[in-house]
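Visitor: I am new to this structure, and I would like to learn how to read it, one feature at a time.

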Amino acid sequence: MTEALKIANLYFDLSNKSDFDGIGKFFTETTTYSSQTTGVYLGCDDILAMQRVFHGKFASLHWKINSAEEVKPGIVLFEYNFTGT
């Protein structure tokens, strides 16, 4: 498993726990986060603000990773199922 895939999988583990301190360690002020659901965000503060709002909409949430592939160096594409209550 590549380093990028390890980091991406750890990110989802932390997201399933809503561990924003842990998640924030992955982002810098130039990190870009893109989601079909929520949009595009630039920088750690912007990304974490979006995630806090998103996670706050659910009593519990979980991402189940079905597949993960490093499509270019450092760029990981996931297929997942999301459940939230």
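Guide: We will go from the overall build to a few single residues, keeping in mind that this is a predicted model.

Visitor: Which helices and strands should I look for, and in what order do they run?

Guide: A good start is to list the elements along the chain. The protein has 3 helices and 4 strands, and from the N terminus on they run α-α-β-β-α-β-β. The radius of gyration is 13 Å, close to the 12 Å that the globule rule gives for 85 residues, so the protein is as compact as a globular protein of that length. Along its principal axes, the C-alpha trace spans about 35 × 30 × 25 Å.

Visitor: How do I read the surface and the interior, and what share of the residues counts as buried?

Guide: A residue counts as buried when its relative accessible area is under 20%. Of the 85 residues here, 31% count as buried. The protein exposes about 5700 Å², and carbon and sulfur atoms supply 54% of that area. As for charge, there are 7 positive and 10 negative side chains, and the centres of the two sets lie 4 Å apart.

Visitor: How do β3 and β4 run relative to each other, parallel or antiparallel?

Guide: For a pair of strands, look at the direction, the bridges and the turn. Strand β3, residues 61–72, and strand β4, residues 75–84, run antiparallel and are joined by 10 bridges; one bridge partner of this kind is Phe78 in β4, which pairs with Ala68. The two strands form a hairpin with 2 residues between them, and Gly74 in the turn has a positive phi of about 80°.

Visitor: Which residue other than glycine has a positive phi?

Guide: Ser18 is such a residue, with a phi near 50°. Ser18 is found in the loop between α1 (3–16) and α2 (20–24), and it counts as partly exposed because its relative accessibility is 29%.

Visitor: Is Ser15 buried or exposed, and which residues is Ser15 in contact with?

Guide: Here it helps to read position, accessibility and contacts together. Ser15 lies in helix α1 and is buried, with a relative accessible area of 1%. Leaving aside its neighbours within four places in sequence, Ser15 is in contact with Ile23, His55, Leu61 and Trp63.

Visitor: And how can I read contacts for the chain as a whole?

Guide: One way is to ask how far apart in sequence the contacting residues are. Among contacts between residues at least 6 apart in sequence, 35% join residues at least 24 apart.

Technical notes:
Residues are numbered from 1 along each chain as its sequence is written. This is a predicted model: local features need pLDDT of at least 70, side-chain atom pairs count only at pLDDT 80 or more; totals for chains, interfaces and linings use all residues. Side-chain values use heavy atoms; hydrogens and water are left out. The radius of gyration is taken over C-alpha atoms; the globule rule is 2.2 Å times the number of residues to the power 0.38. Buried means under 20% relative accessible area, exposed over 50%, partly exposed in between (1.4 Å probe, protein chains only). Contact means heavy atoms within 4.5 Å. Accessible areas come from the Shrake-Rupley method with a 1.4 Å probe; for residues, only the protein chains shown count as cover. Lys and Arg count as positive and Asp and Glu as negative; His and the chain ends are not counted. The place of a charge is taken as NZ of Lys, CZ of Arg, CG of Asp or CD of Glu. Two strands pair if DSSP finds at least two bridges between them.
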